[in-house]
Amino acid sequence: MATGGGMMPGAPNQPAQPWRPGQGGPPPNTNDGDSEGDSGDEGPSEPQKFNDVNIPNYGNMGPVGQMSMLPPPPPPPAPSGPPPDMRFTEISVMGESDCRDAIIQFQSEHCCYGSAAAKEMVFSSCVPMTALHYTLETYAEARSTGYKSKPYRGEFVDGPENGQPPPPWAVPCEADQLFKNQVKLFEVPHTSFVKQCHGCRGRGWNQCRRCHGRGRVRCGACNGRGRKQVCDHEGNMHWHDCHSCQGGVRRCHQCGGDGRVTCRTCEGFGQLRAYVELKVEYKNHNDDYILEQTDMPDELIRDVGGKPVFEQTMPQVWPIMAYPVAEVNSNSQNLVEHHRRSFNDERKLMQRQILRAVPVTEVKWDWKDNKGRRFWAYGNERRVYCPDYPQQCCWGCEIL
Ligand SMILES: [Zn+2]
Ligand SMILES: [Zn+2]
Ligand SMILES: [Zn+2]
């Protein structure tokens with residue numbers, strides 16, 4: 001199948017020339033084109049539809065610039081058989097001296113906090129614990145298509161007469177890096193055709209909206225009078241000729257006096273080359289679960305270092321089943337199941353699950369009148385969460 005109605009064959013041998021002001025075309029008529037829609041130059045033009053165009057594999061698309069989502073091919077069956085062997089790494093804890101170093105470091109990072117408390121506070125207990133951070137990522141690809149158009153400058157037009165356009169999911173494309181969001185745009189081969197520009201009806205120009213095609217506008221400096229009243233140093237009023245215009249009108253700066261402006265849609269070429277654009281979006285869907293048993297805010301665990309206990313990357317992961325902490329197993333199952341049911345308008349490419357152990361130690365401390373207070377040291381970085389630090393603000397500095 002070659003062309004549908006309304007298609008114009010490409011004319012690669014005729015070098016196209018854009019319209020320029022003061023060049024070609026009938027003189028502007030101030031009565032013609034005053035109506036909305038003709039001067040598509042100054043505002044957004046109507047979205048163009050190509051209902052009369054028949055591109056194989058690309059029927060029923062929306063107007064230009066509006067992408068429509070494409071359902072992906074059916075997913076492969078879920079993995080079956082026994083899950084791969086999962087081995088979990090042992091985890092380490094922070095002791096009392098680590099916690100002392102951590103609180104001293106914490107104090108030094110807050111310039112107004114006094115150092116005495118950090119050095120002198122008495123630890124009545126140090127309870128090491130482990131927070132667990134499970135993340136599940138599903139890396140998927142969405143494809144959508146829509147018409148795009150560019151000014152036609154006489155270049156080669158690769159239309160359906162050159163071959164069948166590949167269906168959208170058959171266009172080869174790969175992500176540059178797994179688990180990174182990315183967008184790639186392609187012009188689909190054999191989908192181009194040339195059309196008269198809808199923004200100017202093929203003329204290459206539109207009537208200037210500012211002067212309505214007259215090429216001249218009323219002078220703003222003298223309100224069109226051609227003269228201005230000026231007050232001299234003795235307070236007497238005099239009429240002077242306006243320096244900005246001649247007789248109250250001046251040349252329109254929008255069109256340079258021509259009355260017409262170059263069509264922005266076709267940049268003056270009068271014709272557009274339309275084609276199907278394929279948009280490939282790589283999306284990383286990320287969900288996580290934090291098991292943290294102290295009164296410290298759980299989300300602090302998300303951004304600190306820990307030790308990987310288990311990591312797995314494969315097209316479809318098995319949920320963690322055999323970790324000694326039951327909540328981890330059940331939340332892994334829930335998230336894997338949730339991702340299996342989600343993103344169904346995308347093609348799933350790869351999954352990755354990571355279980356990290358993040359050390360957390362809860363320290364109970366006394367310092368002067370502050371009895372039985374707590375802080376938490378957490379992460380490989382030994383960060384400290386200590387909302388009750390006794391020497392905050394600048395009175396801490398005075399003690400020094
Ligand atoms: Zn004037
Ligand atoms: Zn003008
Ligand atoms: Zn145009």
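**Exercise 1. How many of the five residues of strand β8 (residues 237-241) are buried? Work out what the strand pairs with, too.**

*Solution.* This is a predicted model, so we are reading a prediction here.

Step 1. Go through residues 237-241 and count the buried ones: the count is zero, so to speak a strand that is hardly covered.

Step 2. Look for a partner. Strand β7 (residues 227-231) runs antiparallel to β8, and the two are joined by five bridges.

Step 3. Pick one bridge to anchor the picture: Val230 is matched with His238 of β8.

Step 4. Follow the chain from one strand to the other. Five residues separate β7 and β8, and the two make a hairpin. In its turn sits Gly235, with a positive phi of about 90°.

**Exercise 2. Get an overview of the chain: how many helices and strands does it have, and how confident is the prediction?**

*Solution.*

Step 1. Count the elements: there are four helices and 15 strands.

Step 2. Check burial. Of the 400 residues in the protein chain, 30% are buried.

Step 3. Look at how far apart in sequence the contacting residues are. Take the contacts with a separation of 6 or more: 82% of them join residues 24 or more positions apart.

Step 4. Turn to confidence. The mean pLDDT is 85, and 86% of the residues reach 70 or more. Residues 1-13 have a pLDDT below 50, and this stretch has 26 contacts in the model beyond near neighbours in sequence. Residues 396-400 also stay under 50, with 11 contacts beyond four places in sequence.

**Exercise 3. Take helix α3 (residues 326-341). Does its length agree or disagree with what 16 residues should span, and which of its residues are buried?**

*Solution.*

Step 1. Start with the expected span. At 1.5 Å a residue, 16 residues should give 22 Å.

Step 2. Compare with the model. The end C-alpha atoms of α3 are 23 Å apart, which agrees.

Step 3. List the buried residues: Val328, Asn331, Ser332, Leu335 and His339. Looking down the axis of α3, you find them within an arc of 105°, so they line one face of the helix.

Step 4. Bring in the helix geometry. An α-helix has 3.6 residues a turn, so residues three or four places apart point the same way.

Step 5. Ask what that face meets. The buried residues of α3 pack against β2 (122-151), β11 (271-291) and β13 (347-367).

Step 6. Flip to the other side of α3, where Ala326, Glu337 and Arg341 are exposed.

Step 7. Step off the end: Phe343 follows α3, and its phi is positive, near 55°.

**Exercise 4. Two loop residues, Asp258 and Ile301: which residues do they contact beyond four places in sequence?**

*Solution.*

Step 1. Place Asp258. You'll find it in the loop between β9 (249-251) and β10 (260-262).

Step 2. Decide on burial. Asp258 has 22 C-beta neighbours inside 10 Å, so it counts as buried.

Step 3. Find its contacts: Pro21, Gly22 and Gly215. Gly22 is 236 residues away along the chain, yet its C-alpha atom is 5.9 Å from that of Asp258.

Step 4. Now Ile301, in the loop between β11 and β12 (307-314). This residue is buried because 21 other C-beta atoms lie within 10 Å.

Step 5. Read off the contacts of Ile301: Ala131, His133, Ile290, Glu292, Val358 and Tyr378. Leu132, 169 residues away in sequence, is 8.4 Å from Ile301, C-alpha to C-alpha.

**Exercise 5. What is the phi of His212 and of Asn223, and are these residues buried or exposed?**

*Solution.*

Step 1. Recall the usual case. Most residues other than glycine have a negative phi.

Step 2. Read the angles. His212 is not a glycine, but its phi is positive, about 55°. Asn223 is not a glycine either, and its phi is also positive, about 55°.

Step 3. Place them. His212 is in the loop between β5 (205-207) and β6, while Asn223 is in the loop between β6 and β7.

Step 4. Count neighbours. His212 has 17 C-beta neighbours inside 10 Å, so it counts as partly exposed. Asn223 has 11 other C-beta atoms within 10 Å, so it is exposed.

Methods
Residues are numbered from 1 along each chain as its sequence is written. Chains are lettered from A and ligands numbered from 1 in the order in which they are written. This is a predicted model: local features need pLDDT of at least 70, side-chain atom pairs count only at pLDDT 80 or more; totals for chains, interfaces and linings use all residues. A residue is buried if 20 or more other C-beta atoms lie within 10 Å of its own, exposed if 12 or fewer, and partly exposed in between; C-beta atoms are placed from the backbone. Two residues are in contact if their C-beta atoms, placed from the backbone, lie within 7 Å. The expected span of a helix is 1.5 Å times one less than its number of residues. The arc is that of the directions from the helix axis to the C-beta atoms. Two strands pair if DSSP finds at least two bridges between them. pLDDT is the predictor's confidence in each residue, from 0 to 100.
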